[in-house]
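Student: Could we go through this model together, one question at a time?
Tutor: Gladly; let us have it in front of us and begin with the surface.

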Amino acid sequence: MKKTNLKFIKIGLLFSLFLLVLPVNASNDIQIEVQALMPGMVVLKINGSRETLKTGKEKQGVKLISSTTNTAVLEVNGVQKNYKMGTTIGTSFTQREKVTERVVVDQHGMFRSYGSINGQSVKFLVDTGATSVAMSEKAARKLGIQYQLKGTPTRTSTASGIAKAWSVKLKTVSLGKLLERNVQGIVVEGNFPRQVLLGMSFLNKMKVEKEGGTMKITSKR
């Protein structure tokens with residue numbers, strides 16, 4: 001009888017310790033183990049499942065921003081951190097609420113609204129026909145974007161024909177409370193477009209709906 005009671009006490013103690021260690025919000029806990037690192041790709045163990053992620057892809061709430069043979073930048077719930085080979089991470093988070101912004105058509109039939117690029121205030125022309133966040137050289141210089149130094153020379157189609165341009169990576173782009181990181185942008189030689197175009201490199205990360213004279217833009221996560 002004494003031995004049985006002793007076992008019962010030990011089991012009860014272990015159970016109590018388990019309750020103390022268990023995360024408060026277990027359903028939102030993500031366990032990540034970095035198993036392999038390659039340029040542009042990582043192999044992770046996420047909540048017990050082995051997943052292969054390429055740059056920009058997301059699985060089970062974990063997104064690969066970049067990787068080398070030494071380290072990976074992972075984003076979990078909008079927070080980016082560096083992780084090395086063999087790192088085991090336990091992270092408890094609260095699922096982000098979806099954010100919605102509404103842009104009302106103006107007197108010229110255009111959807112214009114304020115936002116930011118790399119933390120600098122910008123007035124956007126929301127354009128679902130533009131493939132990227134596009135701007136003129138003048139706008140890029142005003143925003144401090146070193147497009148000639150850090151951009152990739154390219155060409156783009158404009159209303160006036162084919163123009164010289166530079167492909168750039170924008171650290172952050174926001175429209176109201178909507179924010180995305182590492183957004184593809186393009187700087188067009190000359191003074192056009194006159195306004196910065198908020199194109200699909202930002203909008204394709206959102207759910208976009210037109211309701212009469214209003215464009216409803218909602219985060220997907």
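Student: What percentage of the accessible surface of the chain belongs to carbon and sulfur atoms?
Tutor: The areas come from the Shrake-Rupley method with a 1.4 Å probe, and for residues only the protein chains shown count as cover. The accessible surface of the chain comes to about 13800 Å². The part that belongs to carbon and sulfur atoms is 54%.

Student: Before we go on, what kind of model is this?
Tutor: Residues are numbered from 1 along each chain as its sequence is written, and side-chain values use heavy atoms, with hydrogens and water left out. Local features need pLDDT of at least 70, side-chain atom pairs count only at pLDDT 80 or more, totals for chains, interfaces and linings use all residues, and the model is predicted.

Student: Over which residues is the pLDDT below 50?
Tutor: pLDDT is the predictor's confidence in each residue, from 0 to 100. The chain has a mean pLDDT of 83, and 81% of its residues reach 70 or more. The stretch with pLDDT below 50 has four contacts in the model beyond near neighbours in sequence (contact means heavy atoms within 4.5 Å), and it covers residues 1-27. Where pLDDT is low, the predicted coordinates should not be read in detail.

Student: How many strands does the chain have?
Tutor: Helices (H or I, at least four residues) and strands (E, at least two) are DSSP runs, numbered from the N terminus. By that count the chain has four helices, and its strands number 18.

Student: What percentage of the residues count as buried?
Tutor: Buried means under 20% relative accessible area, exposed over 50%, and partly exposed in between, using a 1.4 Å probe and protein chains only. Of the 221 residues of the chain, the buried part is 36%.

Student: Which strands stand at the edges of the open sheet with the order 9-18-17?
Tutor: Two strands pair if DSSP finds at least two bridges between them. In this sheet of three strands the pairing is antiparallel. Each edge strand has a single partner, so one side of each is left without a neighbour in the sheet; these are strand 9 (100-104) and strand 17 (206-211).

Student: Which residue of strand 18 is the bridge partner of Arg-102?
Tutor: Strand 9 pairs with strand 18 (residues 214-219) in the antiparallel sense over five bridges. Within this pairing, Thr-100 has Thr-218 as its bridge partner. For Arg-102, the partner is Lys-216.

Student: Which side chains of strand 9 point to one face and are buried?
Tutor: In a regular strand the side chains alternate between the two faces of the sheet. Strand 9 shows this alternation: Thr-100, Arg-102 and Val-104 point to one face and are not buried. The buried side chains, on the other face, are Glu-101 and Val-103.

Student: Which residue takes a positive phi in the hairpin of strand 1 and strand 2?
Tutor: Strand 1 (residues 29-38) and strand 2 (residues 41-46) are antiparallel partners over six bridges, and Ile-32 stands opposite Ile-46. Their hairpin has two residues between the strands. The positive phi, near 80°, belongs to Gly-40.

Student: And which residue takes a positive phi in the hairpin of strand 2 and strand 3?
Tutor: Strand 2 runs antiparallel to strand 3 (residues 49-54), joined by six bridges, with Lys-45 opposite Arg-50. This hairpin also has two residues between the strands, and the positive phi, near 50°, is that of Asn-47.

Student: Is Thr-69 buried or exposed?
Tutor: Thr-69 lies in the loop between strand 5 (62-67) and strand 6. Not counting residues up to four places away in sequence, Thr-69 touches Leu-37 and Pro-39. At 52% relative accessibility, Thr-69 counts as exposed.

Student: What is the angle between the planes of Tyr-147 and Trp-166?
Tutor: Rings of Phe, Tyr and Trp (its six-membered ring) pair if their centres lie within 6.5 Å; planes under 30 degrees apart count as stacked, over 60 as edge-to-face and the rest as tilted. By this rule the count comes to one aromatic pair. Tyr-147 and Trp-166 are 4.9 Å apart centre to centre and edge-to-face, with an angle between the planes of 65°.

Student: How many residues apart in sequence are the parts that this pair ties together?
Tutor: Tyr-147 is buried at 4% relative accessible area, and Trp-166 is buried at 6%. Tyr-147 lies in helix 3 (residues 147-150) and Trp-166 in strand 14 (residues 161-175), so the separation of the parts tied together, in residues, is 19.
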